[in-house]
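Please look through the model below with one question in mind, namely how its helices pack and where its nonpolar side chains gather.

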Amino acid sequence: MTENIPASGKKTTNPYLTSPTLVLSLILICVYSAIGFLVGDFVSPLSTNSPILLFLAQCDGPLPIYPWTLVTSIFLHASIIHIASNILFLLLFGFILEEQVTKTRWMATFFLTGIMGNLTFVGADLTGFFLTGFPNSLSLSCGVGASGAVYGVMGAATGLRGVVLIIFIAGLDIFAGGGFFAHIGGLITGLLLRKVLEFRVEEFLVTEFAEKSNALHATTW
């Protein structure tokens, strides 16, 4: 079998294999499928009595029991609808962000906003603990899902005006249940990352323009 190689001698890389949006989406689906296979339930693989949930999810404590749950909980989803909605919005806004940043920055945005979403969830737990004096043991709440990261990617990809417009038109479920704090935390972090990115791009363009102007001025003299 022959392989098409460009004139430059470099092999072409399939863009789908290097797309962080597709790679993360496939990882989320694989994790959901693996857990569903282990527990024998693909519809609602997580339950409050599941050791997987208590060991890998970010649950009320009021403090996180395990530090790694800030990351692992991003890859857990409670139901088919839960993961389907996150995958859908990740695909919608992930490709938009890919056109604006490098793959490394895309991955950094996903994980930073996901972790900050979980930290916001923890902050809400701590606030409730200090206000009431004890965690609510009768109602264990666990934060799972990539929603915080998805909202972060959306914020980084579209900016504040885009987020407001999208929520108004599409009616995104930003105020859904216990995911409210994770959504808000991830979204705000994504918007801040976009501001940093816009500043860096603007700074780069100004510097490049100044260098070209200086070079042109030097040649004219």
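**The nonpolar core and a helix pair**

In this predicted model, the largest nonpolar core holds 26 residues, and within that core L28, L90, L97, W106, F110 and M154 are the ones that touch the most other members. Several helices build this core, since at least two residues come from each of helix 1, helix 4, helix 5 (103-132), helix 6 (147-170) and helix 7 (180-220). The most is given by helix 6, which supplies 9 residues.

L97 offers a useful point from which to look around: leaving aside residues up to four places away in sequence, L97 touches W106, T109, V153, A156 and A157. Apart from the core described so far lies another one, made of 8 residues, including L46, I52, A57 and C59. As general background, nonpolar side chains tend to be buried together in soluble globular proteins.

Two of the contributing helices can be followed as a pair. The axes of helix 1 (residues 20-39) and helix 4 (residues 80-98) come within 9 Å and cross at roughly 170°; an angle over 145 degrees counts as roughly antiparallel, and helix 1 and helix 4 are therefore roughly antiparallel to each other. The crossing by which helix 1 passes helix 4 is right-handed.

On the helix 1 side, the residues that meet helix 4 are P20, T21, L22, L24, S25, L28, I29 and Y32, and their counterparts in helix 4 are I80, I83, I87, L90, L91, G94, F95 and E98. Sorted by character, the residues of this contact between helix 1 and helix 4 comprise 12 nonpolar, 3 polar and 1 charged.

Methods
Residues are numbered from 1 along each chain as its sequence is written. This is a predicted model: local features need pLDDT of at least 70, side-chain atom pairs count only at pLDDT 80 or more; totals for chains, interfaces and linings use all residues. Side-chain values use heavy atoms; hydrogens and water are left out. Axes are lines fitted to C-alpha atoms, for helices over the stretch in contact, and angles run from 0 to 180 degrees between N-to-C directions. Helices (H or I, at least four residues) and strands (E, at least two) are DSSP runs, numbered from the N terminus. Angles under 35 degrees count as roughly parallel, over 145 as roughly antiparallel, 65 to 115 as roughly perpendicular and the rest as oblique. A crossing is left-handed if the near helix is turned anticlockwise from the far one by less than a right angle, and right-handed if clockwise. Contact means heavy atoms within 4.5 Å. Ala, Val, Leu, Ile, Met, Phe, Trp, Tyr, Cys and Pro count as nonpolar, Asp, Glu, Lys and Arg as charged, and the others, Gly among them, as polar. A nonpolar core is a set of buried Ala, Val, Leu, Ile, Met, Phe, Trp, Tyr and Cys residues joined through side-chain atoms within 4.5 Å. Buried means under 20% relative accessible area, exposed over 50%, partly exposed in between (1.4 Å probe, protein chains only).
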